[in-house]
Amino acid sequence: MSDKKFELTDLSSGKKSLLPVRSGTIGPDVLDIASINKDHGVFTFDPGFGVTAATESKITYIDGDAGVLLHRGYPVEQLAEKSSFMEVAYLLLNGDLPKQEQLAEFTSSIRRHTMINESLLRFTNGFHHNAHPMAMVSAVVASMSAFYHDSMDINNPRHREIFAHRIIAKLPTIAAAAHKHSLGQPFVYPRNDLDYCSNMLHMFFSVPCEEYVVDPVAAQALDLLFILHADHEQNASTSTVRLAGSTGANPYAAISAGVAALWGPAHGGANEAVLAMLEQIGTVENIPKYLAMAKDKSSHFRLMGFGHRVYKNFDPRAKIIRTACHKVLQKLGRTDNPLFELALRLEEIALQDEYFIQRKLYPNVDFYSGVIYSALGIPRSMFTVMFAIARTVGWVAHWQEMISDPAMRIGRPRQLYTGCPARDYTSVDNR
Ligand code: ACO
């Protein structure tokens, strides 16, 4: 708690109270408003939680004006350049970078949990062939709560750790099962001799009739995208996981709620929507027409992959992915990529447009990620699933942080009621 205080005065009654100010290690201070209902009989109103800190957290820090993203203090640029997804996962979950033997132990534990119960496969195969993979993944993850119900005591740290390793290990297998089901191809079992991303590519792309050799360029590109998607503090899906988990719900069910929240086009579903939008725009000549639509308040069209609640500057992840696009496409020999060219021009034109300048709308993490996923052969409907695989690490880290906090309370927002005041029931003949 800092020494600073804010004075709150009710001008109608003249009643005053002092609001304590809390300071984090970095970032703006927050007003502690917990006492205002007791002192003044009022609640606060903040639709969309634009200025409300719902929790204290030590995991991720964003400075949206400066375009800074730190995981446990480490800048995302350094992690993207020097680290690996497994190392970042360990960092987010445990607070510090692992020593060699800790990383080896963690990675081997994740590898040992990659298989899923055969009943989950039968469940996946029960979906219609054209079911959206996000629907399948969120349902299959939710159904894991049925498999690990009695054996999961959320107050037991070892149970929590096993849950964390299980869900991180099994998400690629569940995603691959959904992918293979939609193609009508046989499920491919995980290979624990492969690293996390190579195994995912193997499960996605190998078929029983031929040998499949994982392209290290593809595995590395995926690893980078997973690092960049691993966590992003209290975003909509993470807050959903926290809220669901705060009731003491089974954590697999809470993660499933996070998958559902991520799916929306305003959040993780934007990566799929960006590619659809680029295909719709088609050519550079059409850009002005679509920009005009994005600015027109009577149209529902928005520039997908642009804008962010927190970043009012470049999303640092978008910058890294844009650079990676050039490198990956070159290494894969796919330099002739009209959609990437179109995306680059769209960004350039939008960033010179007064509407986007005034509102500080920049490309976000989803603007370029689909270009890489497409180049790796991942179908558009699977893009948000890729995001979910990576973000599972963040969801689990936040769930762990919340559950292990002795001060945890159920999340329960208030409302401003604008419905009918109390009235008497009238029988149906008298209405
Ligand atoms: N295209 C056109 N106009 C936009 C866009 C956009 N992509 N984004 C914001 N605006 C406009 C709004 O219309 C609003 O204009 P106004 O002030 O004239 O009313 C202003 O910019 C502020 O936008 P809000 O919607 O109030 O911002 P908010 O923080 O609520 O929404 C969001 C953020 C949802 C990301 C929004 O920018 C958006 O819809 N972007 C497109 C979808 C997208 O890319 N989502 C992915 C986000 S990253 C992630 O979740 C992984």
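This text walks through a predicted model, taking its helix pairs, two of its loops and its ligand site in turn.

Begin with helix 9, which covers residues 216–229, and helix 17, which covers residues 366–375. The two pack at an angle of about 155°, and their axes are 11 Å apart. Angles over 145 degrees count as roughly antiparallel, and helix 9 and helix 17 are therefore roughly antiparallel to each other. Their crossing is left-handed. On the side of helix 9, the residues in contact are Ala221, Leu222, Leu225, Phe226 and His229. On the side of helix 17, they are Asp366, Ser369, Ile372 and Tyr373. Sorted by character, the residues of this contact comprise six nonpolar, two polar and one charged.

Each of these two helices also borders a loop with a residue to look at. Glu233 sits in the loop between helix 9 and helix 10, the latter spanning 236–245. The phi angle of Glu233 is near 40°, a positive value in a residue other than glycine. Lys360 belongs to the loop between helix 16 (354–358) and helix 17. For Lys360, phi is near 55°, again a positive value in a residue that is not glycine.

The second pair is helix 12, residues 270–281, and helix 18, residues 383–403. Their axes come within 7 Å and cross at roughly 155°. That angle makes helix 12 roughly antiparallel to helix 18. The crossing of helix 12 and helix 18 is right-handed. Where they touch, Asn271, Glu272 and Leu275 of helix 12 meet Phe383, Thr384 and Phe387 of helix 18. The residues of this contact divide into three nonpolar, two polar and one charged.

The third pair is made of helix 14 (residues 316–331) and helix 15 (residues 338–351). Here the packing angle is about 155°, with the axes 12 Å apart. As a result of that angle, helix 14 is roughly antiparallel to helix 15. Their crossing is left-handed. Helix 14 brings Arg322, Cys325, His326 and Leu329 to the contact, while helix 15 brings Phe340, Leu344 and Glu347. Among the residues of this contact, four are nonpolar, one is polar and two are charged.

Now turn to the ligand. Which residues are closest to the ligand? Of the 21 residues that surround the ligand, the closest are His267, Arg302, Leu303, Gly305 and Arg309. Two of these residues can be followed down to single atoms. In His267, a polar side-chain atom lies 2.8 Å from an oxygen atom of the ligand. In Leu303, a polar atom of the backbone is 2.7 Å from a nitrogen atom of the ligand. Tyr355 also takes part: an N or O atom in the side chain of Tyr355 is 2.8 Å from a nitrogen atom of the ligand. When looking at these contacts in the structure, note that His267 and Tyr355 use side-chain atoms, whereas Leu303 uses a backbone atom.

Methods: Residues are numbered from 1 along each chain as its sequence is written. This is a predicted model: local features need pLDDT of at least 70, side-chain atom pairs count only at pLDDT 80 or more; totals for chains, interfaces and linings use all residues. Side-chain values use heavy atoms; hydrogens and water are left out. Axes are lines fitted to C-alpha atoms, for helices over the stretch in contact, and angles run from 0 to 180 degrees between N-to-C directions. Helices (H or I, at least four residues) and strands (E, at least two) are DSSP runs, numbered from the N terminus. Angles under 35 degrees count as roughly parallel, over 145 as roughly antiparallel, 65 to 115 as roughly perpendicular and the rest as oblique. A crossing is left-handed if the near helix is turned anticlockwise from the far one by less than a right angle, and right-handed if clockwise. Contact means heavy atoms within 4.5 Å. Ala, Val, Leu, Ile, Met, Phe, Trp, Tyr, Cys and Pro count as nonpolar, Asp, Glu, Lys and Arg as charged, and the others, Gly among them, as polar. A residue is near a molecule or strand if one of its heavy atoms lies within 4 Å of it. A polar contact is a pair of N or O atoms within 3.5 Å; within protein, one must be able to donate a hydrogen and the other to accept it, and residues adjacent in sequence count only if both atoms are side-chain atoms.
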